[in-house]
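Trainee: Could you take me through one part of this model at close range, with enough of its surroundings that I can place it in the whole?

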Amino acid sequence: MGGLAGLMQAALARRSNGEPDREPGRVDLRGCWALAGAWSAALGGVQLGQLHQVFWAVGLWLLAGAGLLALLRPRHGRLGPAVTPSFAAPALCCAAAALVFTQLVLTGAGTNPDALEEAARDGSPVRIQLAFTEAPRASMQTDRFSEDARPHRQFTVDARALVVAGNGRWRVSGVPVRLSWPESGSPRIPLAGGSTVEVLATVAASEPGDRQHFWLNAAAGLEPVGNPPAPGVFQAMRERFVSAAAVLPQPARALLPGMVFGDRSGMDEALGEAMKVAGLSHLSAVSGANCAMVLGFVMSLGRLLGLGRLPTLGLGLAALLGFVFLVGYEPSVLRAAVMGTIAAVGLHASRGRNALAALLLAVVLLLATDPWLAGEPAFQLSVLATAGIVVIGRRMAAGLNRWMPAILAEGTAIALASQIACLPVLVVLNPAFSLYSVPANLLVSPFIALITVAGTLAVVVLMIFPLAGMALVWVAGMPTMLVGLVGTWIAALPGALRPWPVGVAGVLLAWGIVLGTLVALGHVHPSTGSWRSRTALAAQGVVTGVLLGLLLPVTALVPAPVVDWLVVACDVGQGDGLLINAGDAGAVVVDTGRTPEDIAACLQRMRVRKVAALFITHRHADHDGGISGVGERRPVEDLYYSAADDPADPPRLTDSRGTKPTASQLGSGATGRAGTVDWRVLGPIPHGVFTGENDASLVIRFEVEVPGNPRRISILATGDMEDEAMGQLIDQGLIGHADVLKVSHHGAENGGVRTASIVRPAVALISVGRENTYGHPSDTALRALEENHVVALRTDIRGTIIVGWDGKGLAVSSLGPGPASGP
């Protein structure tokens, strides 16, 4: 729950007897016109040049002024009711849009330094001085476009260009950029937010609308300019708190810094994925909920001390300002604080009656300050979650209170309303649904306020009274451990993350659920009222539809092009099923899992209408049992296999044309092409190590063409070949670097540990069933991948895994795990 969502719990106003209002008043939607104008201007304006921005700003201000004059004219300076519906809404819409365009013009968002644009065009390096706007972020990177790449530590930071060298002199600039450099290029002194450096860098232009106009890659070491900023007191407070939290048991040790001030550095991938599947990942990011709890605690303390309303509000806002400095004034934190401040004033003045108006005002002001927020999914989710609580939650709480206690009705309504409202954006980002998100949030909600307040107090008290501060760390740490345990438990439940329809169908289904909820709660009455009210409802529906379209990434409504995905590890339970994009030829399929239904569902979800080639790596049921599901709805051109017996009983398949492709048995050295995919069989080798059917597995190197990328993406599929046979392939020099590795034998201990260090992939796919009785994947296999800095993606945790191409590199998404598998 982000943005205002935490604070807007106050919108579920409670009566003096502890029950929520049973009949909340009508929601004021007039501010939606301003929101529609500001949001559309922000989305479009950031992609325009300065001349076009000026044109739109002037034109919109003229239109807004004309609307205002039309309003004032009939009543001699007073708003006339006869014309208000005709002119007020468009004037408000134009004024908000003009405000956003004016901000873009004044900040020079549409201008770029000539030296940087020229460097981006011809690829020449440029010398530039930068001021860091945040602390550098470190990560382990592998250059996936180099055959002899090695993992290295890479730093990335958002910065502002101060001066750029061009034509023999420095030119002043203020353009936002993103800089990357290897650890070897770091200066001896540590760099932090606010540091100024000079660097020789290559330049690449960002996509239109990106917040950072250019991406810089350091071509030489960074040279600090001036004295580095001294670590502030707030940074020292955060570091001391992280050190104090290190004494807590896991998962509290990893979660507590994130839940207090957003530091997720201690969380490993497994815990992060579990919290995401359980629908609790928002708890480890600073949002309006954190601001609301700090603000609410301080204001409650003020009331206990007998302070008046205004002094109490002032004390709360001062505490909120201190919290912002403590957490770090990054854009997301400032966004939450601004929204929280405006909402606090609105709720203080109207006691929740105009909560939605406060939200809309906050969003418009934030978009006018930072137009790039409009395209950020985190901001979209923040706004939707808050609107859901205000519009849906109040009435839902009143209805639920008829069957359950008020406090439980309120908590359920908040969790369910925010989940429903966010669903359309969530399924666009990842077409999956967290089935147990609502009960998970209900289970942990009693602990969140205690964790936030006690943890924040501990950060301050540790600097003054360490013993008392440690006590507060434990007070916050114990409920944090319960939150982590609840998250990991719920993530392990059957069907915790369910797949969602992709494309237009999924988007329409999500918005249908939102609309159905509004109808059920009485916000929308489609079959009642006069023709005028129905016309007004239709007009509001059109406006709402436009606004909702702006909230969604437009690309979600367009069918994905063929090159969006490269390789897919299908969730076929305890088995293998791999798809490789072959362009217009369809897909290459490597193994089919145990049942026809699983592989057929995966092929249908990825819209595969043709199979250019089907490879059965060996004749085990978890690799060829689902073969009939490949051809039941699509033609299959070629069928290849390997088996321990020679001659073996070949696999048989009848495709949608009634054709039965001839199965060809392959061995080392075989090559071929299927659409845009070239393949070469590396193993098994003649007279090689053989201990059983697993060692007869085909080991195949695929190379996939990607339009716009001069280098092909390589994939190594290893079947179930075991360590000794794989070691023989490695020793003979047959195995080399690949971008994507399908881990052998579902990550079993006998699958070998040398492969990761030789292949050095960017991504490793482990196809394995949930709760399988084999103990796959083994700790040995996972440790080998971790030691070689390889990202391991498992189908038992993520479900179907999609590795795609985003224009700059590999990108990963997933569709959620299926039910638990058997042996």
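Mentor: What follows looks closely at one buried threonine, then at the sheets and at two places among the helices.

The model is a predicted one, and its secondary structure comes to 24 helices and 25 strands. Of the 823 residues in the protein, 49% are buried, and among contacts between residues at least 6 apart in sequence, 69% join residues that are at least 24 apart.

The part I would choose is Thr718, which sits in the loop between strand S20 (713–717) and helix H21 (723–731). Is Thr718 buried or exposed? Its relative accessibility is 1%, and because residues under 20% are classed as buried, Thr718 counts as buried. Its side chain has polar partners in the backbone: the side chain of Thr718 reaches the backbone oxygen of Lys742 at 2.7 Å, and a polar atom of that side chain lies 3.1 Å from the backbone nitrogen of Ser744. Leaving aside residues up to four places away in sequence, Thr718 touches Ser697, Leu698 and Val699, as well as Met726, and also Leu741, Lys742, Val743 and Ser744. Lys742 and Ser744 thus appear both among the residues touched by Thr718 and as the owners of the backbone atoms just described, the oxygen in the case of Lys742 and the nitrogen in the case of Ser744.

Strand S20, at one end of that loop, belongs to an open sheet of 7 strands, whose order is S17-S18-S19-S20-S21-S22-S23 and whose pairing is mixed. At the edges of this sheet are strand S17 (671–674) and strand S23 (791–794), each of which pairs on one side only, and neighbouring strands are turned against each other by 20° on average, with direction ignored. Towards the S23 edge, strand S22 (residues 763–766) pairs with S23 in the parallel sense over 4 bridges, and Leu765 stands opposite Leu793 in S23.

A further open sheet contains 8 strands in the order S16-S15-S14-S13-S12-S11-S24-S25, again with mixed pairing. Strand S16 (663–665) and strand S25 (810–814) stand at its edges, and because each has a single partner strand, one side of each is left without a neighbour in the sheet. The average turn between neighbouring strands of this sheet, direction ignored, is 20°. At the S16 edge, strand S15 (residues 639–641) runs parallel to S16 and is joined to it by 3 bridges, with Tyr641 opposite Gln665 in S16.

Turning to the helices, Gly388 lies in helix H12 (residues 377–400) and is buried, with a relative accessible area of 4%. Beyond residues up to four places away in sequence, Gly388 touches Gly393, Ala417 and Ala421, while its C-alpha atom is separated by 8.8 Å from that of Leu416, a residue 28 places away along the chain.

Helix H5 (residues 233–245) packs against helix H9 (residues 309–327) at an angle of about 70°, with the axes 8 Å apart, which makes H5 roughly perpendicular to H9. Phe234, Met237 and Arg238 in H5 meet Gly322, Phe325, Leu326 and Val327 in H9, and by class this contact has 5 nonpolar, 1 polar and 1 charged residues.

Technical notes: Residues numbered from 1 in each chain as written. Predicted model: local features only at pLDDT ≥ 70, side-chain atom pairs only at ≥ 80, totals over all residues. Heavy atoms only, no water. Pairing = 2+ DSSP bridges. Helix = DSSP H or I, 4+ residues; strand = E, 2+ residues; numbered from the N terminus. Axes fitted to C-alpha atoms, helices over the stretch in contact; angles between N-to-C directions. Buried < 20%, exposed > 50% of the residue type's maximum accessible area, 1.4 Å probe, protein only. Polar contact = N/O pair within 3.5 Å; in protein donor to acceptor, adjacent residues only side chain to side chain. Contact = heavy atoms within 4.5 Å. Parallel < 35°, antiparallel > 145°, perpendicular 65-115°, else oblique. Nonpolar A, V, L, I, M, F, W, Y, C, P; charged D, E, K, R; others polar.
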